[in-house]
Amino acid sequence: RDPERTDAARRYWLRHLVEGTINRIFHELLRLAPCEVTSGIGAALSPLAYWRYKDRKFARRIAQNLETLAPDLCETQEQHEASLKSWWRNIGRTLSEFSSVNRFWPEGRIIIEGHETLEAARASGAPLIFVSMHLATWEAIFAAVQQELAPPNIGPFQPEPNRFTNRIVYNSRKRRNHYLFPPGQRSAYRLHRLLTGGGAASMTIFIDEVRDNQIHLPLFGRKPPDKGNAVVAIKLANASGGTLVPLYLSRDKGARFRLHILPPIPKRPAPETPSPVPDTILKLNGIFEPLVLKNIREWYMLAELRLPKRKKS
């Protein structure tokens, strides 16, 4: 008799079941295909997704955000349309490539830029806390760090609304012996214990997560957040003496990528003096905001960003 509970039950028992079954079949078939084929299928299906969702509220938000943040890519209607289709094409590739992401590193599909930076950070002996944004096929960052660069790797993740999708994600990470923690205070305690427990664990955390129906980083002229993944990363670095290492992924061509490892965030002169959270967030924003703007057609969170409405002149 409660319409909201009826809709929730219908979504849980019917829609999620159908969507989850289709996604599972599609995922398993793509796992068998070569990486370039998997990526190409995602690109080929992207025009269909663009056409299907173009009148949805989130799609209009993508178009508006792109026009606001990258006006040089949207000077004419044709340029705007081409940029939008490029964004959708990258997302199509990204979602399909999740099926083959565990093969990217073994097949040499990720080129490292800044390997000497990683070696220097590792030589310091402090726990490594990698901070990043959802650019290109971001799951490949998790895979590369766990498979080769700094295992064992831990971190938080945001569960999907669909329980079947969560199972796909969990199984993919399990194949590379990778476990990430759901959000919450208990997970924060576990992450701290693992970082400081002498097991040489590293952590990867994405600081452009969705929280309170909004993306809080990059700032794009807004106030710095006082909670969220960026705050968690900084506090864990302070508590563990860890080193914050920014990194991000960009797409070269097809299913080939470039992992950029950037210089660590400088620590305070006295090791026992914690880095102030607001200042460190501004430093992280100073690094990532220009990178997101430069690679905005590969930024997944463009769909979730809700910028303040512009005042009419």
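With 313 residues, a compact globule would be expected to have a radius of gyration near 20 Å, and the chain I am showing has 20 Å, so the two agree; the radius is taken over C-alpha atoms, and the globule rule is 2.2 Å times the number of residues to the power 0.38. Before going further, I should say that this is a predicted model, in which local features need pLDDT of at least 70 and side-chain atom pairs count only at pLDDT 80 or more, while totals for chains, interfaces and linings use all residues. Residues are numbered from 1 along each chain as its sequence is written, and side-chain values use heavy atoms, with hydrogens and water left out.

Let me begin with the overall layout. Taken along the principal axes, the C-alpha atoms fill a box of roughly 55 × 55 × 50 Å. The chain has ten helices and eight strands, where helices (H or I, at least four residues) and strands (E, at least two) are DSSP runs numbered from the N terminus. Buried residues make up 48% of the 313 residues, with buried meaning under 20% relative accessible area, exposed over 50%, and partly exposed in between, for a 1.4 Å probe and protein chains only.

I turn now to the aromatic rings. A search of the whole structure finds eleven aromatic pairs; rings of Phe, Tyr and Trp (its six-membered ring) pair if their centres lie within 6.5 Å, and planes under 30 degrees apart count as stacked, over 60 as edge-to-face and the rest as tilted. The rings of tyrosine 53 and phenylalanine 58 have their centres 5.7 Å apart and their planes at 55 degrees, so this pair is tilted. Both residues reach the surface to some extent, since tyrosine 53 is partly exposed at 22% and phenylalanine 58 is partly exposed at 28%. Tryptophan 87 and tryptophan 88, by contrast, form an edge-to-face pair, 5.3 Å centre to centre with 80 degrees between the planes, and here tryptophan 87 is buried at 3% relative accessibility, as is tryptophan 88 at 8%. Ring pairs link these four residues, together with Tyr50, into a cluster.

Elsewhere, the charged end of arginine 163 sits over the ring of tyrosine 12, 3.6 Å from its centre, and that charged end also sits over the ring of tryptophan 13, at 5.7 Å from the centre. The criterion is that NZ of Lys or CZ of Arg is within 6 Å of the ring centre and within 35 degrees of the ring normal.

What of the empty space? Rolling a probe the size of a water molecule over the atoms shows where such space is left. On a 1 Å grid over the protein atoms alone, a cavity is a set of points where a 1.4 Å probe fits but cannot get out, a pocket is an open set with protein on both sides within 12 Å along at least five of seven lines, and lining residues have an atom within 4 Å of a point. Grid points are joined across faces, edges and corners, and a volume is the space filled by probe spheres set on the points.

The second largest pocket holds about 380 Å³. Of its 14 lining residues, the closest to the centre are Gln64, Asn65, Leu307, Pro308 and Lys309. By class, the lining has five nonpolar, three polar and six charged residues, where Ala, Val, Leu, Ile, Met, Phe, Trp, Tyr, Cys and Pro count as nonpolar, Asp, Glu, Lys and Arg as charged, and the others, Gly among them, as polar.

There is one cavity of 30 Å³ or more, and the largest cavity has a volume of about 50 Å³. Its lining includes Ile207, His216, Leu217 and Asn229, and helix H9 (residues 229–240) gives the most to that lining, with three residues.

Leucine 217 leads me to the backbone, where a cis peptide bond joins it to proline 218, with omega about 0 degrees. Proline 218 is in the loop between strand S6 (214–215) and H9, and phenylalanine 220 is found in the loop between S6 and H9 as well. Phenylalanine 220 has a phi near 50 degrees, a positive value in a residue other than glycine, and is buried at 15%. Another cis bond runs from proline 151 to proline 152, with omega near -10 degrees.

Which residue has its C-alpha atom 4.8 Å from that of histidine 260? It is glutamate 113, 147 residues apart from histidine 260 along the chain.
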